[in-house]
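Okay, thanks for making time for this one. I'd like to walk you through a few spots and then take a look at the cysteines.

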Amino acid sequence: MPQADNNNKYIDLREKFPNFIYESYDYKLADDKITIEFSYSLSGKYFFRPKISIPIRDFFQWESITETARENIIFHIGMIELLSYWKAACPPKVIVKPCKLSTEQVSWWKNLYFNGLGEFFYLNTISTDAESFMEVECDSEKEFSSFSLPLDDSYIVPVGGGKDSVVTLELLKNNYPVTPLVVNPRGATDECIRTAGFTHEKTIEIFRTIDPVLLELNALGFLNGHTPFSALLAFVSLLASALSGKRNIALSNEASANETTVIGQNINHQYSKSFEFEKDFREYISAYISRDFNYFSFLRPLHEIQIAFLFSKLPDYFHVFKSCNAGSKSDIWCCNCPKCLFSYIILSPFIDRHELVKIFGEDLLAKTSLLPVFIKLMGVDPVKPFECIGTVEEVNSALALSIEKYNGDLPFLLKVFSETPNYARYKNISADSWKCKFEREHFLSAADFDSIKQKMVC
């Protein structure tokens, strides 16, 4: 449900701040790291200078990347980074000074911005449309051309600390040279990488810093909300690929990410994890950056429930992975949010109840306080939680499968579920019926797809 009616604030801020300017980008190699800084202006009244730093690794090939190629990628990272700052006041005009974009490129970016901000507009009750929310004007004659890079066929795997990237790491590392990639490392990411057998020195680490001025504006009551982080990760991963000389960028976004968050509306918390974005992104980078990159989601043929099955075969990770956004800073499961409850539910058919309690610290299916969240996950409410979670069908299937593991003594939430029409609808669905239910839209090679089918015993 919407959190605030900020449409009037949206209108007022757009009048006060008519322009958002992408002023420039800068980068340098010094002190064993690459530092990138972007400069943005909110109508000349507020200025933002977010930074990205990347520690140098001995396998980087910085010198073999032309200046034009570096600038092309970095400029594009700035184009997605700006969204975090634009949304504070949503100026009607964005002025891009570093580079000239074609009409087709402007259309592509507006589509990404609008769909990536679907949750932001919805929760702030902002009334707008894909055409009028923004005008993009380029104040430059400089144009970038696509380029070629010397890349090999090894893999980069972005790791977020959750079960999905763990499954990708494990499925790929025995067949190919793999390099983990982490943005803003934390306890869970470090532990998952270590458990997979990778060292700190063999991991690409990227540190992203938010300009504190944005936090000050948030405190003053400017607009705030979700932006498509996975789109930022997509562009940042191109730089990691160029630096490391590794062609394949294997994400861990699954078929479940395609389901909208608000039933009947094109509003998806996971838009930048969807196949739609993946396809659009591949086409864009091929046309305007480089055809040498191979950005794709390794888990795209699978659903969350299938990934949970694969993860259940990896007990070494049970006590190191974390998927809770609320507890990410302290590296814990908060056990009170939709992401925690969903993770518990989707794993419950495949991992012993006592083991699950050890992982999370308590039995989440026994928590009466989680009933409102539980109802949303079941699909009773037309709005799913705005989190990276699976489909309504998967949640109901996992709950029905979990009931089979109990001998009549059901914890509170499972008892609630057993008394709903949903249970009658899903109780005859077997785990085997899910195992080989592959999504056909994906960009995996035949060999990679076969490796997944073998693991699912299909």
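**Two histidines, a helix and some cysteines**

So, let's begin with H303, which is buried at a relative accessible area of 11%. Keep in mind as we go that what you're looking at is a predicted model. In the chain, H303 belongs to the loop that runs between β11 and α11, the latter being 304-311. And who does H303 touch? Leaving out residues up to four places away in sequence, its contacts are E254, A255, S256, E394, W434 and K437. There's also a distance I'd like to point out: H303 and T391 are 88 residues apart in sequence, yet C-alpha to C-alpha they sit 8.4 Å apart in space.

Okay, on to the other histidine, H442. Where is H442? Look at the loop that links α18, residues 431-435, with α19, residues 446-455. The H442 side chain reaches the backbone nitrogen of L444, at 3.1 Å. Again skipping residues up to four places away in sequence, H442 touches F275, R300, P301 and F449.

That F449 takes us right into α19, because F449 is one of the buried residues of the helix, together with D448, S451 and I452. Why do I say those buried residues line one face? If you look down the axis of α19, they fall within an arc of 155°, so one face of the helix is what they line. Now turn the helix around: the face pointing away from the buried side carries A446 and Q454, both exposed. And what's covering the buried residues? The cover includes β7 (152-158), α6 (163-173) and β11 (294-297). One more detail here: just after α19, V457 has a positive phi, about 60°.

Last stop, cysteines. How many disulfides are there? The count comes to 0. Take C340: the closest cysteine sulfur belongs to C324, and it's 3.6 Å from the C340 sulfur, too far for a bond when the cut-off is 2.5 Å. C388 is in no disulfide either; for C388 the nearest cysteine sulfur is that of C337, 12 Å away. Are these two cysteines buried or exposed? C340 is buried, with a relative accessible area of 0%, and C388 is buried as well, at 17%.

That's my tour. Shall we go back to any of those spots on the screen?

Terms used. Residues are numbered from 1 along each chain as its sequence is written. This is a predicted model: local features need pLDDT of at least 70, side-chain atom pairs count only at pLDDT 80 or more; totals for chains, interfaces and linings use all residues. Side-chain values use heavy atoms; hydrogens and water are left out. Helices (H or I, at least four residues) and strands (E, at least two) are DSSP runs, numbered from the N terminus. A polar contact is a pair of N or O atoms within 3.5 Å; within protein, one must be able to donate a hydrogen and the other to accept it, and residues adjacent in sequence count only if both atoms are side-chain atoms. Contact means heavy atoms within 4.5 Å. Buried means under 20% relative accessible area, exposed over 50%, partly exposed in between (1.4 Å probe, protein chains only). The arc is that of the directions from the helix axis to the C-beta atoms.
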